[in-house]
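Got the viewer open? Let's take a short walk, starting at the ligand and ending where the two chains meet.

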Amino acid sequence: MKTLRAGEPIISCRDVHKWYTPEFEVLKGVSYDFYEGEVTVVIGPSGSGKSTFVRTINGLEEHQSGSVVVGGVELTHSVKNLNAVRSQCGMVFQSFNLFPHLSVMDNITLAPIWVKKESKSAARDRAMALLERVGMAGHASKYPGQLSGGEQQRVAIARSLAMDPSIMLFDEPTSALDPEMIKEVLDVMTELADSRMTLVVITHELGFAKAVADHIVFFDNGKIVETGSPDAFFGDPREERTKLFLSQILQH
Amino acid sequence: MKTLSDEPGPKTGARGWISRVAGRAVFWARTNLFGSWFDSLLTMATLWVAASIVSRGLLPMAALDWSVIRDNLKLILTGSYPEPQLWRVWIAVLYVSLFGGFSFGGAGGRMPRSLAIVAAAQCFLFLAPISTSSKAYVACGIALQLAGFFSSRLLDARARAWIAGAAWISFLPLSFFLAYGMTGPDGWMPVVATNYWGGLLLTLMISLTSIALSFPLGLLLALGRRSSLVLVRAASTCFIEVVRGVPLITILFIAYLIIPLALPASLNPSVFIRAMIGVIAFHSAYMAENFRGGLQGIPRTQYEAAASLNLSKGKTMVFVILPQVMKRMIPVLVSSFTGTLKDTSLISIIGLLDMIGISSAIVSNPEYMTSSTQVLVFMAAIYFVLCYSISSASYRLEARLGVTTTKAGGL
Ligand SMILES: Nc1ncnc2c1ncn2[C@@H]1O[C@H](COP(=O)(O)OP(=O)(O)OP(=O)(O)O)[C@@H](O)[C@H]1O
Ligand SMILES: [Mg+2]
């Protein structure tokens, strides 16, 4: 990763457009800068393009125009750039996406061993430390099918961390979880935020957003409608669309 | 209705035991066989069918003159493979006995059914009217099998897996080497050209080779069909669809007639090679479809998770996708393996004397004209033993890998 100049964003998106089909434009010109060590929470109604946007940042979705620059590397079609970007971004999915045929330990060490060419023992040591960090130290030899949703998600976080990313992307990490498991995952994420890691989090957990986020980004209909600090955003939203959305979700 | 708990208190002695067992049997029959009038009807019908099979089928068959099998056993098993060289085939058989026992020994628990069946077949062979030297080999095989079975229990799982893996991977090359030979006619291991191979030997050589090769070829074709390179994709799709659209018989004829024309005359592949190419082409296309189905069963999210960890496409396939595909595909793979084994019988159509070819040759001999039933039944028995061993071994494998949670129905 290139060293960033002072004040340079770690992720910079400029006028990003994406079409799934020629008629269907999902991202309609998104520009936003994410800064190192900050926590950004992305919210917005279903289908507004939040996932697409975050997946564009690590190249899981291709954008058709505009630029995405991550840690000084522009996302292009080149495999080299794609790998350089992905090596800086960890990604955590709504449905965990652990590899079901591998034990927790093997899930975590697979990529360090085969991508970063770490020695087996070094990878295992680090995996144990990460499992400790997410509170899963006792589960190393279990298989994903033997874990609860919250436990699987914490393993998934450890798996991403094992690649030493500087940015972690979360796509609704707690949406598939039962209420009593949401907290254990949010606690891990809060701990990551406290360690000054750059986080981009799509979530409907407003408590987390208010307590942990540095910035809120509100998405609607493929565009960023409003951004701001949590206090300003939740306390005094400017846009009508934001007010409507907040009134809808706060009803629950 | 009277239930077990209503029975009088425990009785002692043999009489008590007998009456208890009888009571239980009646209870079992009442609940399982005569639970309702419909069940009773089914039970009676089944009994009637079973009785007629025994009285009209099995009993008359046992009374037949089975000398045709004894007289032609060597032909049925190895065709015209030269007698003095048979020891080479026996070595391959002993190798299978040793590592068959070895592989199953590690599985732990009771002796698996397939092994029991093979053992029964061996004992049968041992008691059958065969030459003394053959008996010695069979006895040796049984001993090696037991030796393998118990020695593998002394090793740890890792060593066992390595040894068994290495043994089975080298089995086919080794048996080709043994069967074909290497020296001139006067050497210690003279070449036996493939046109002398026949019977079960030929059947197994062709079907095992085509299983071993159509598996990786099918995988390559399936991956080719998903490739982003247009030419690769078109070629794979075309091959798969054309081969699947044509019956195996036709493919065998095409291989028989066209391959010699397509290749330079100096190569002149034997009928054995031509048949093998045809069978392999046919089964790789089907295998490719099996793999395609298996690959489709893996959700896109697995690829995404791997991509987000920066695993390359190749590593994603090898470490993430294929292990999951293989595990799911065991039942399908096994049924196509047994299918391959049985389909090989068609090669007799292009003049190869596999088991079926040999048996029709035998029954066309006026001396054995009246013995066609015996020959057919014997063929069927051999095929059954082979296929049933394969499938019951696979049930075990499935159970060990936790593929299926329900028990596969068995005897
Ligand atoms: N692979 C795809 N092909 C075509 N359309 C897609 C694809 N993925 C998403 N879409 C569509 O793009 C739009 C935006 O999807 P996206 O998943 O980004 O929304 P989201 O804001 O994350 O919504 P949610 O809160 O429900 O997750 C939706 O209308 C969706 O149906
Ligand atoms: Mg989404």
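Select α1 of chain A: with three residues, α1(A) gives the most to the shell around ligand 1. Bear in mind as you click around that this is a predicted model.

Now show the whole shell as sticks. Around ligand 1 you'll find A:Tyr20, A:Phe24, A:Val26, A:Glu172, and then a run of names to pick up together: A:Pro45, A:Ser46, A:Gly47, A:Ser48, A:Gly49, A:Lys50, A:Ser51 and A:Thr52. Colour them by class and the shell splits into six polar, four nonpolar and two charged residues.

Next, zoom in on the oxygen atoms of the ligand. Which side chains should you label here? Start with A:Ser46, where a side-chain N or O atom sits 2.6 Å from an oxygen atom of ligand 1. Move on to A:Ser51, whose side chain also has an N or O atom 2.6 Å from a ligand 1 oxygen. Then click A:Thr52, which has a polar side-chain atom 2.5 Å from an oxygen atom of ligand 1.

Switch on a surface for a moment. How much of ligand 1 does the protein cover? On its own the ligand has 640 Å² of accessible area, and the protein covers 61% of that. If you prefer cartoons, highlight β2 (24-34) and α1 (50-57) of chain A, the elements that give two or more residues to the shell.

Time to leave the ligand and look at where the chains touch. Select the contact residues: 23 come from chain A and 16 from chain B. About 1700 Å² is buried between the two chains, with carbon and sulfur atoms giving 62% of it.

Which residues make the salt bridge here? Pick A:Arg55 and B:Glu304, whose closest N and O atoms are 2.5 Å apart. The rule finds one salt bridge across this interface, along with seven residue pairs in polar contact.

For the last stop, stay on the chain B side. Highlight α12 (300-308) and α13 (313-343) of chain B, the elements that each give two or more residues to the side touching chain A. Of the elements there, α12(B) gives the most, with eight residues. Colour that side by class to finish: eight residues are nonpolar, five polar and three charged.

How values were computed: Residues are numbered from 1 along each chain as its sequence is written. Chains are lettered from A and ligands numbered from 1 in the order in which they are written. This is a predicted model: local features need pLDDT of at least 70, side-chain atom pairs count only at pLDDT 80 or more; totals for chains, interfaces and linings use all residues. Side-chain values use heavy atoms; hydrogens and water are left out. A residue is near a molecule or strand if one of its heavy atoms lies within 4 Å of it. A polar contact is a pair of N or O atoms within 3.5 Å; within protein, one must be able to donate a hydrogen and the other to accept it, and residues adjacent in sequence count only if both atoms are side-chain atoms. Accessible areas come from the Shrake-Rupley method with a 1.4 Å probe; for residues, only the protein chains shown count as cover. Helices (H or I, at least four residues) and strands (E, at least two) are DSSP runs, numbered from the N terminus. Ala, Val, Leu, Ile, Met, Phe, Trp, Tyr, Cys and Pro count as nonpolar, Asp, Glu, Lys and Arg as charged, and the others, Gly among them, as polar. Contact means heavy atoms within 4.5 Å. Buried area is the accessible area (1.4 Å probe) that two parts lose on being put together, summed over both. A salt bridge is a side-chain nitrogen of Lys or Arg within 4 Å of a carboxyl oxygen of Asp or Glu.
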